[in-house]
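The following exercises introduce the structure shown below. Each task sentence is followed by a solution that proceeds step by step.

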Amino acid sequence: MQVVTLGTGSPIPDPNRAGPATLVRAGGRDLLFDCGRGVLMRASAAWSGPAAFAAVFLTHLHSDHTTDLNDIVTMRWVASQGPDPLPVVGPPGTRRLVDRTLAMLSDDIGYRLAHHDDLNWEPTCTVTEVSEGVAYDDGTVRVIAAPTDHAPVHPTVGYRIEAEGRVVVIAGDTVPCAGLDRLCAGADVYVQTVIRRSLIEAIPFARLQDILDYHSSVEDAAATASRAGVGTLVLTHLVPAPAAGSEPEWEAEARSGFDGPVVVAHDLWQLDL
Ligand SMILES: [Zn+2]
Ligand SMILES: [Zn+2]
């Protein structure tokens, strides 16, 4: 099993961090979790791409986590040799997002159908909406969903990927909650989107202060990791993006509440387990 943080940024554009997206490779499949800004650029660097995705899982419908879904849909379609629906899994509302994405692309779809004689099928997606329970199971890889708490954004889910005797959790944006604890119980790797509370609190901009109440801080992620007995804590979706060389400060904040290995992820960081 392999985990690759394709994008470790946040809504705030950063030249070195693509939007939130994490690739989990298990049983010969590539599973993509969220599809933020620049996901296909980073996926190509990891020798993956739209045709390789067994499924795309969305943790929630905030734009920073979904903005490049249209790119995945389009590029999977234009390279296809026949109808090849993209499986998309996400919380209730995902069907609506997919339908609207396809509607947004309808002019482009028309241009390409008219231009390419050998392309006579439209892009499609198979959508599975989940709140809790098995979200995906192909006999080799099983993905369990559970509700998380990103209120007032609702619904949101996290995912527990089980394969090859290993467990990886992709949490998405959430504060600590019971659903997250259930997902994380005994996991080998726990990937959590975080903000650094002390830095955000120092920025006098009300809209940034608003994000404090619906994300895990570094300390929150450490507490969840410790409570659930996870192996490795991976911090991603770093807000604000760490200044060069400041990663040890983030690690130190996490270590105050968690004894295990802590990773402050960068784009294309990977772990084999
Ligand atoms: Zn969010
Ligand atoms: Zn986010």
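Phe-33 stands opposite Phe-57 in S4; the exercises start from this pair. The model is predicted: local features need pLDDT of at least 70 and side-chain atom pairs count only at pLDDT 80 or more, while totals for chains, interfaces and linings use all residues. Residues are numbered from 1 along each chain as its sequence is written, and chains are lettered from A and ligands numbered from 1 in the order in which they are written.

**Exercise 1. Determine in which sense strands S3 and S4 pair, and over how many bridges.**

Step 1. Strands (E, at least two residues) and helices (H or I, at least four) are DSSP runs, numbered from the N terminus. Strand S3 covers residues 29-33 and strand S4 residues 53-57.

Step 2. Two strands pair if DSSP finds at least two bridges between them. S3 and S4 have 4 bridges, in the parallel sense.

**Exercise 2. Place this pair in its sheet and state which strands form the edges.**

Step 1. The sheet is open and has 7 strands in the order S6-S5-S4-S3-S2-S1-S15, with mixed pairing.

Step 2. Strand S6 (125-129) and strand S15 (269-272) are the edges, each pairing on one side only.

Step 3. From one strand to the next, the twist averages 20°.

**Exercise 3. Identify the strands across which helix H3 lies, and give its angle to S5.**

Step 1. Axes are lines fitted to C-alpha atoms, for helices over the stretch in contact (C-beta atoms, placed from the backbone, within 7 Å). Angles run from 0 to 180 degrees between N-to-C directions.

Step 2. Helix H3 (residues 69-78) lies across S4, S5 (86-90) and S6, and runs at about 160° to S5.

Step 3. Helix H4 (residues 94-104) lies across S5 and S6, at about 155° to S6.

**Exercise 4. Describe the hairpin of S7 and S8.**

Step 1. S7 (residues 133-137) and S8 (residues 142-147) run antiparallel and are joined by 4 bridges.

Step 2. Val-134 has Ile-144 in S8 as its bridge partner.

Step 3. Between the two strands lie 4 residues, and Gly-139 in the turn has a positive phi of about 90°.

**Exercise 5. List residues that Phe-57 touches.**

Step 1. Residues up to four places away in sequence are not counted.

Step 2. The residues touched include Phe-33, Val-89, Ala-135, Val-143 and Tyr-159. Among them, Phe-33 is also the residue opposite Phe-57 in the strand pairing.

Definitions and conventions:
Two residues are in contact if their C-beta atoms, placed from the backbone, lie within 7 Å.
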